[in-house]
Amino acid sequence: MTKPLLVIALGGNALLKRKEPLEANIQYRNVQQAAQMIATLATQWRIIVVHGNGPQVGLLALQNSAYEAVSPYPLDVLVAETQGMIGYMLQQALNNLLPQHPITTLLTQVEINRQDPAFLNPTKYIGPLYPVDRGREVGEQMGWTMKLDGQHMRRVVPSPQPLRIIENDAIMTLLKEDHLIICNGGGGIPVERDAAGMLMGVQAVIDKDLSAALLARQIKADALLILTDADAVYRDWGTAAQQALTQVTPNDLQEMTFDAGSMGPKITAACDFVTHCHGIAGIGSLEDASNILSGGKGTRICPNLNHPLI
């Protein structure tokens, strides 16, 4: 019997936790933990992994700007670099844990619309956290838009809606050959078509959760699992009345408000997938990954509250 198909959206903050130094050895350690979780889930699921890149692409942008003899590389190129870097780390760790399982990292472009209103209101956090005063100073120095992320400042960039995955046919071919696939890294390299229909890069970072949901819809996945540095979705987050949500429906969540730069896209992605595919979605921490879809941990989002457990 064919295993059900699961798309895992692995947050960049799950690979490099908040306030951890942006060091390669720390990412390797966290990637190893992620790979062990993925390997465990692979006993029950066919898996595609979509990873985030917020901390990593922000670090590359800082390094990129430090050498002033040449113009900084654009964001689409930096996204491609993080796809290679994180994909390499994940693939190597999974190769060691699942030596008999074919594993492929696919450089992935995702088409967006240049007229997307996201370009008028950047919301996607990238890079490290700064104390407020230092964040304002960095923003002025680099010409970056900075916004509060909790009690710190962080760079934000446009995050347009993903419309089409350019390499979709390649993903389907790999699935037919039973590959565990790492793709749409960092939400995908943002591209658009010019008047002649030619692809060209765009200065943006696509939200990896929305990209994962688009992918899950296109391949008709059975489940979408969004892993982050939060253990669940909370009602009234950050207040004395905050409450973890265990099992909810898209209708329940539509009545609540979530931060557009963090939990908001995760909720939108999960609800979009559940509504269109009638599958289930889970949101929670990397450590709880194996128990989220079964309802034991995190937040489980279902078409209705009587939906069977997995």
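This report walks through a sheet, its helices, the cysteines, a cavity and one proline in a predicted model.

## The sheet and its edges

Let's start with the sheet. It is an open one with 8 strands, and reading across it you meet β3-β9-β2-β1-β12-β16-β17-β15, with mixed pairing. Which strands stand at the edges? They are β3 (103–105) and β15 (247–248), and each has a single partner strand, so one side of each is left without a neighbour in the sheet. As background, strands of a sheet pair through backbone hydrogen bonds, and they can do this in a parallel or an antiparallel way.

Take the β3 edge and look at its partner. β3 and β9 (residues 180–182) run parallel and are joined by 3 bridges. If you want a spot to find on screen, look for isoleucine 103, which stands opposite leucine 180 in β9.

## Helices on the sheet

Two helices to look at here are α2 and α4. Helix α2 (residues 24–41) packs on the sheet and touches β1 (5–10), β2 (46–51), β9 and β12 (223–228). The direction of α2 makes about 170° with that of β1.

Helix α4 (residues 75–97) packs on the sheet too, touching β1, β2, β3 and β9. For α4, the angle is given against β3: their directions make about 170°.

## A closer look at β2

Now move along to β2. On one side, β2 pairs with β1 in the parallel sense over 6 bridges. One pair to look up is leucine 5 with its bridge partner in β2, arginine 46. β2 also pairs with β9, again in the parallel sense, over 2 bridges. Here valine 49 has isoleucine 182 of β9 as its bridge partner.

How many of the 6 residues of β2 are buried? The count is 5, so β2 is largely enclosed by the rest of the structure.

## Cysteines without a bond

A disulfide is a covalent bond between the sulfur atoms of two cysteines. How many does a search of the whole structure find? It finds 0 disulfides.

Cysteine 277 shows why: its sulfur is 13 Å from the closest cysteine sulfur, in cysteine 271, and that is too far for a bond. The cut-off for a disulfide is 2.5 Å between the sulfurs. Cysteine 302 is in no disulfide either, with the nearest cysteine sulfur, that of cysteine 271, 11 Å away.

Are these two cysteines buried or exposed? Cysteine 277 has 24% relative accessibility, so it counts as partly exposed. Cysteine 302 has 0%, so it counts as buried.

## Empty space inside

Rolling a probe the size of a water molecule over the atoms shows where empty space is left. In this model there are 2 cavities of 30 Å³ or more, and the largest has a volume of about 50 Å³.

What lines the largest cavity? The lining is made of Gly58, Ala61, Leu62, Ile126, Gly127, Pro128, Tyr130, Trp144 and Arg155. The elements giving two or more residues to this lining are α3 (54–66) and β5 (124–130). β5 gives the most, with 4 residues.

## Proline 162 in its loop

Last stop: proline 162, which sits in the loop between β7 (152–157) and β8 (164–165). With a relative accessible area of 11%, proline 162 is buried, because buried means under 20%.

Which residues does proline 162 touch, leaving out those up to four places away in sequence? They are Val110, Glu111, Ile112, Ile206, Leu210, Ser211 and Leu214. Serine 211 is 49 residues from proline 162 along the chain, yet their C-alpha atoms are separated by 5.9 Å.

Definitions and conventions. Residues numbered from 1 in each chain as written. Predicted model: local features only at pLDDT ≥ 70, side-chain atom pairs only at ≥ 80, totals over all residues. Heavy atoms only, no water. Pairing = 2+ DSSP bridges. Contact = heavy atoms within 4.5 Å. Axes fitted to C-alpha atoms, helices over the stretch in contact; angles between N-to-C directions. Buried < 20%, exposed > 50% of the residue type's maximum accessible area, 1.4 Å probe, protein only. 1 Å grid on protein atoms, 1.4 Å probe; cavity = no way out; pocket = protein on both sides within 12 Å on 5 of 7 lines; lining within 4 Å. Points joined across faces, edges and corners; volume = space filled by probe spheres on them.
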